[in-house]
Amino acid sequence: MSAPTSETATNSDGARASLEALRTEIAKAVVGQDPAVTGLVVALLCRGHVLLEGVPGVAKTLLVRALAAALELDTKRVQFTPDLMPSDVTGSLIYDARTAEFSFEPGPVFTNLLLADEINRTPPKTQSSLLEAMEERQVTVDGTPRPLPEPFLVAATQNPVEYEGTYPLPEAQLDRFLLKLTVPLPSRADEVQVLTRHAEGFDPRDLKAAGVRPVAGPAELEAARTAVAKVSVSTEIAGYVVDICRATRESPSLTLGVSPRGATALLSTARAWAWLTGRDYVTPDDVKALALPTLRHRIHLRPEAEMEGVTPDSVIHSILAHVPVPR
């Protein structure tokens, strides 16, 4: 492998600095959600999608809006409701009486960053309209495939405690999300800081007034993705990822383990994390750092294990503790 040129290294360092600056900008609007911010940046680097789960009022929507404001990318928001139709997301053919022809009217999915708010509040038919967009990065209407802009990321939110009037995401769609990030309630110190900001006039609807400004755009993102693709992965690390995923398929607490798609996702997120931390190779710690958000939504608990208080996170923690770590 040839050594990187000084220009390539400079581009890589500049892209890393720009993406690191995203954290500073988002922190002007969102307090104390660094793991979720990091997860969103990793998803951007891996061309993946993110499912944000948390109770109402923990700034899930604000987090995605702040990310969009800190990036020079087009963004749209869709509030998912029970009466939302697939065409409301993807777009539809409109008849033009003047020309006596049908023309395609693009839906909100034709954007760089789509905020799918409360995605589990819409029926499966509308949820499935996102499947092609998320996997193939295109929308087919009337037999004609239409490519989506690049980059394209879906950031979906859902409430984990309110089930009345919701439609749980099917396993096939959950598997299309690169990461599932939990957005917890803030600590006391963070909550005091939130209230102090509001007392000083912070308006979550006006991010520009809060000082959030674009610090990265498509050029920096493409340079970063190119650099991530050059992060090396040893045979031992690839074997470690496979062993972790195979262990989920053999766990007595699970009816469904991680598929090979999940293994490739874990390798991708570990490479992105390694690059963000300044390395051009992946270590076992990189794999461990991204195992929970990458795998927690790809496994399914047995009912009896769930009744005993077992959680997806506890199963993954146990597997990480028992799978031999390469030296």
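Which ring does the charged end of R16 sit over? Select R16 and W275: the ring is that of W275, and the charged end lies 4.6 Å from its centre. The model on screen is a predicted one.

**Stop 1: around W275**

Keep W275 selected and display what surrounds it. Setting aside neighbours within four places in sequence, W275 has contacts with S12, A15, R16, L19 and L45, and also with A224, A227, V228 and V231. Next, colour the largest nonpolar core, which has 73 residues. L45, W275 and V287 are the members that touch the most others in that core. A separate core of 23 residues lies apart from it, and V89, F104, I119 and V154 are among its residues. As a general background to both selections, nonpolar side chains in soluble globular proteins tend to be buried together.

**Stop 2: along helix α1**

Select residues 6–27, which make up helix α1, and pick out N11 within it. N11 is partly exposed, at a relative accessible area of 43%. Now add A223: the two residues are 212 apart in sequence, yet their C-alpha atoms are 6.5 Å apart in space.

Move along to I26, also in helix α1. Is I26 buried or exposed? With a relative accessibility of 1%, I26 counts as buried. Beyond its neighbours within four places in sequence, I26 is in contact with V37, L63, A66 and L67. For a distance check, draw a line from the C-alpha of I26 to that of G14; it spans 19 Å, for 12 residues along the chain.

**Stop 3: the β3–β4 hairpin and F104**

Select strand β3 (residues 91–96) and strand β4 (residues 101–106). The two run antiparallel and are joined by six bridges. Four residues lie between the strands of this hairpin, and A100 has a positive phi near 60°. Across the pairing, L93 in the hairpin stands opposite F104 of β4.

Stay on F104 and add F110. What geometry does the aromatic pair of F104 and F110 have? The pair is edge-to-face, with 5.7 Å centre to centre and 70° between the planes. It belongs to a total of two aromatic pairs in the structure. Buried here means under 20% relative accessible area. F104 is buried at 17%, and F110 is buried at 16%. Then add R146, which lies over the face of F104 at 4.1 Å from the ring centre.

**Stop 4: helix α7**

Select residues 188–199, helix α7. Its 12 residues reach 16 Å from first C-alpha to last, close to the 16 Å expected at 1.5 Å a residue. After α7 comes G201, with a positive phi near 105°.

**Stop 5: helix α11**

Finish with residues 284–295, helix α11. This helix has 12 residues and a reach of 16 Å between its first and last C-alpha, close to the 16 Å expected at 1.5 Å a residue. Why is α11 described as largely enclosed by the rest of the structure? Nine of its 12 residues are buried, so the helix is largely enclosed. The buried residues are P284, D286, V287, L290, A291, L292, P293, T294 and L295. To see what covers them, show among others α2 (34–46), β9 (179–182), α9 (235–250), α10 (260–276) and α13 (312–322). V287 leads back to the first stop, as it is named with L45 and W275 among the core residues that touch the most other members.

Methods:
Residues numbered from 1 in each chain as written. Predicted model: local features only at pLDDT ≥ 70, side-chain atom pairs only at ≥ 80, totals over all residues. Heavy atoms only, no water. Phe/Tyr/Trp six-rings, centres within 6.5 Å; stacked < 30°, edge-to-face > 60°. Buried < 20%, exposed > 50% of the residue type's maximum accessible area, 1.4 Å probe, protein only. Lys NZ or Arg CZ within 6 Å of the ring centre and 35° of its normal. Core = buried A, V, L, I, M, F, W, Y, C linked by side-chain atoms within 4.5 Å. Contact = heavy atoms within 4.5 Å. Pairing = 2+ DSSP bridges. Expected span 1.5 Å × (residues − 1).
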